Amino acid sequence: MRFPFALTVKIARHIIKHKLARTPKFAMVLQLEPLHTCNLTCTGCGRIREYSTNLKDMVPLEKCLTVAEECEAPMVSICGGEPLIYPKIEELVNGVLAQGRIVYICTNGVFMRKKMRDYMAAVYSPEMEPRLQELVKQDLVTGKEAEQIRKSDAAARSKVVIRPTQWMYWNVHVDGLEFTHDLIVEREGVFKECVAAIKMAKILGYQTATNTTVYKETDVQELDDMFAYLSSLNVDGHTISPGYEYDAAKKDMVKRLGKQPEDFFLTRKMTRQKFAKIQEWGEKFTIFGTPVYQEFLAGKRELTCTAWAIPTYNVKGWKAPCYLMTDGHYDGYREMLEKVQWDKYGVVDGVARDPRCENCMVHCGYDPSGALGTNYQRGDNWKNFRYNFGTKPKPYQATIELTRRAFNGVSIGKGHLAEAKAAINSPRAAMNGAQSVFQRREEPHDHSVNGESNGVCGSGDTSQRDQLLAKIADPKRAE
Ligand code: SF4
Ligand code: SF4
């Protein structure tokens with residue numbers, strides 16, 4: 001099976017319950033953003049640019065748990081910002097799991113190994129020794145860290161930690177192979193860290209997934225290689241979605257990078273071209289998402305947006321109409337369902353009801369449409385059933401050649417693929433050797449929007465963010 005049986009049953013029961021009750025609109029996945037602070041500044045990220053965040057802008061733990069209960073979604077995707085920066089992330093994950101929901105932790109991967117070392121320190125016993133030695137052997141844990149795990153004190157042993165369970169996935173953000181990914185996240189070394197974190201997670205028995213956003217300049221062949229490489233790491237599944245042209249990200253791009261948004265974001269037509277092979281990928285790799293949504297991405301059918309099925313809750317409340325666009329925030333999920341004029345949004349028969357929806361084909365608007373039978377066509381249910389219950393594609397064997405292609409360089413730190421590609425291909429780069437061109441320029445960058453300072457990306461108050469990051473890195477020192 002592509003998706004574990006127990007989890008499939010849980011979701012199917014939820015849909016059947018609401019179909020029988022004729023509930024017109026209900027939640028499938030809650031996108032829970034406990035904070036918008038992030039340690040990265042990815043080029044296409046609307047989140048860190050739309051919301052100026054600081055330490056006081058966090059959803060309290062109790063509120064997070066209440067809203068998960070309120071909307072009753074069987075799956076909760078804890079995102080942000082970087083959710084592993086949230087000081088009560090362990091309590092949040094365990095609290096949502098205790099409610100009987102499936103949890104995805106959508107992370108950029110940078111703090112994952114730290115969280116897994118915390119887990120090992122909390123539960124260490126001699127039975128764990130072979131796995132710990134394997135982690136050291138593969139350079140995923142240092143000898144010193146291994147010793148700290150073995151000699152964990154009472155505080156480490158009593159810490160609430162994120163444990164492996166079939167009900168939870170680490171969902172790691174990977175937008176391409178090393179060169180592309182590090183460029184998009186605007187920091188070198190992040191791809192390597194993601195790979196290390198995924199390897200460690202698999203050794204410890206965690207379920208892992210990846211999520212990939214496709215931009216105009218994403219190379220389709222590279223995506224093929226990326227899925228093959230991730231599959232060789234035994235990643236349990238992949239989500240892939242076209243990028244959305246966030247207003248704030250577009251403005252930032254023009255101002256900071258001197259780029260035109262149309263050079264970066266996809267139109268509908270381009271999305272269909274990029275996703276022409278999505279069904280082939282679905283056969284070769286464990287792509288999450290229904291085959292009906294895959295047909296939509298490949299341009300073989302239309303779907304109607306069901307943004308209400310993947311609602312977002314953040315520091316300002318229930319965000320309407322969707323994860324991408326903000327026309328208002330509401331105090332309650334029901335209130336949002338009732339007050340939002342849903343028929344103002346989406347694209348119907350090729351005509352955008354709202355111009356901001358024109359190029360949108362993202363999974364949070366349209367993937368649930370495939371599962372919920374919106375625009376139902378004969379055979380859709382069977383198609384979805386067969387895809388999910390069909391044999392899970394076998395992991396790829398990583399060849400030396402594939403690994404070499406995966407680790408294909410580091411970024412030049414300009415945050416835009418076209419510039420990087422031009423730099424690599426330039427005669428000067430060839431003369432000087434690519435390495436000199438790849439060197440990251442540590443320029444201070446301004447993220448003001450419309451001339452008004454929006455703070456440094458994802459920080460609001462940088463001193464508070466830095467304090468928080470230091471605390472994550474070394475809790476004892478920062479206290
Ligand atoms: S990791 Fe990147 S995409 Fe995710 S919240 Fe941070 S800046 Fe945005
Ligand atoms: S079409 Fe896209 S942008 Fe428009 S409401 Fe739906 S999810 Fe949001």
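Analyst: A residue counts as buried if 20 or more other C-beta atoms, placed from the backbone, lie within 10 Å of its own, as exposed if 12 or fewer do, and as partly exposed in between. This is a predicted model, in which local features need pLDDT of at least 70 and side-chain atom pairs count only at pLDDT 80 or more, while totals for chains, interfaces and linings use all residues. Residues are numbered from 1 along each chain as written, with chains lettered from A and ligands numbered from 1 in the order of writing.

User: Why is arginine 22 called exposed?

Analyst: Arginine 22 has 6 other C-beta atoms within 10 Å; the limit for exposed is 12 or fewer, so the term applies. Arginine 22 lies in the loop between α1 (5-20) and β1 (29-32), and has a positive phi of about 55° although it is not a glycine. Helices (H or I, at least four residues) and strands (E, at least two) are DSSP runs, numbered from the N terminus.

User: What makes aspartate 139 count as exposed?

Analyst: Aspartate 139 has 9 C-beta neighbours inside 10 Å, and is therefore classed as exposed. Aspartate 139 is placed in the loop between α6 (129-137) and α7 (143-150). Its phi is positive, at about 60°, although aspartate 139 is not a glycine.

User: How do you know that β7 and β8 pair?

Analyst: Pairing requires that DSSP find at least two bridges between two strands. Strands β7 (residues 312-314) and β8 (residues 317-321) have three bridges, in the antiparallel sense, so the criterion is met. Tyrosine 313 stands opposite tryptophan 318, and asparagine 314 opposite glycine 317. A hairpin of two residues joins β7 to β8.

User: What makes β8 and β9 a pair?

Analyst: Four bridges join β8 to β9, and the two strands run antiparallel; four satisfies the requirement of two, so they pair. Proline 321 faces threonine 326 in β9, and the hairpin from β8 to β9 passes through four residues. Proline 321 lies in strand β8 and is joined to alanine 320 by a cis peptide bond, with omega of about 5°.

User: What makes β8 mostly covered?

Analyst: Four of the five residues of β8 are buried.

User: Why are β6 and β9 said to stand at the edges?

Analyst: The open sheet of nine strands has the order β6-β5-β4-β3-β2-β1-β7-β8-β9, with mixed pairing. β6 (237-242) and β9 (326-330) each have a single partner strand, so one side of each lacks a neighbour in the sheet.

User: What makes Leu30 and Val76 part of a nonpolar core?

Analyst: Such a core is a set of buried Ala, Val, Leu, Ile, Met, Phe, Trp, Tyr and Cys residues joined through C-beta atoms within 7 Å. The largest has 119 residues; Leu30 and Val76 are among those with the most contacts inside it, as are Ile78, Val93 and Val103. Helix α10 (residues 190-204) gives the largest share of this core, eight residues.

User: Which residues surround ligand 2 most closely, and how does its shell divide by class?

Analyst: A residue is near a molecule if its C-beta atom, placed from the backbone, lies within 6 Å of it. Ligand 2 is surrounded by 14 residues, the closest being Cys305, Cys322, Cys357, Cys360 and Gly365. Ala, Val, Leu, Ile, Met, Phe, Trp, Tyr, Cys and Pro count as nonpolar, Asp, Glu, Lys and Arg as charged, and the others, Gly among them, as polar. The shell of ligand 2 accordingly has eleven nonpolar, two polar and one charged residue.
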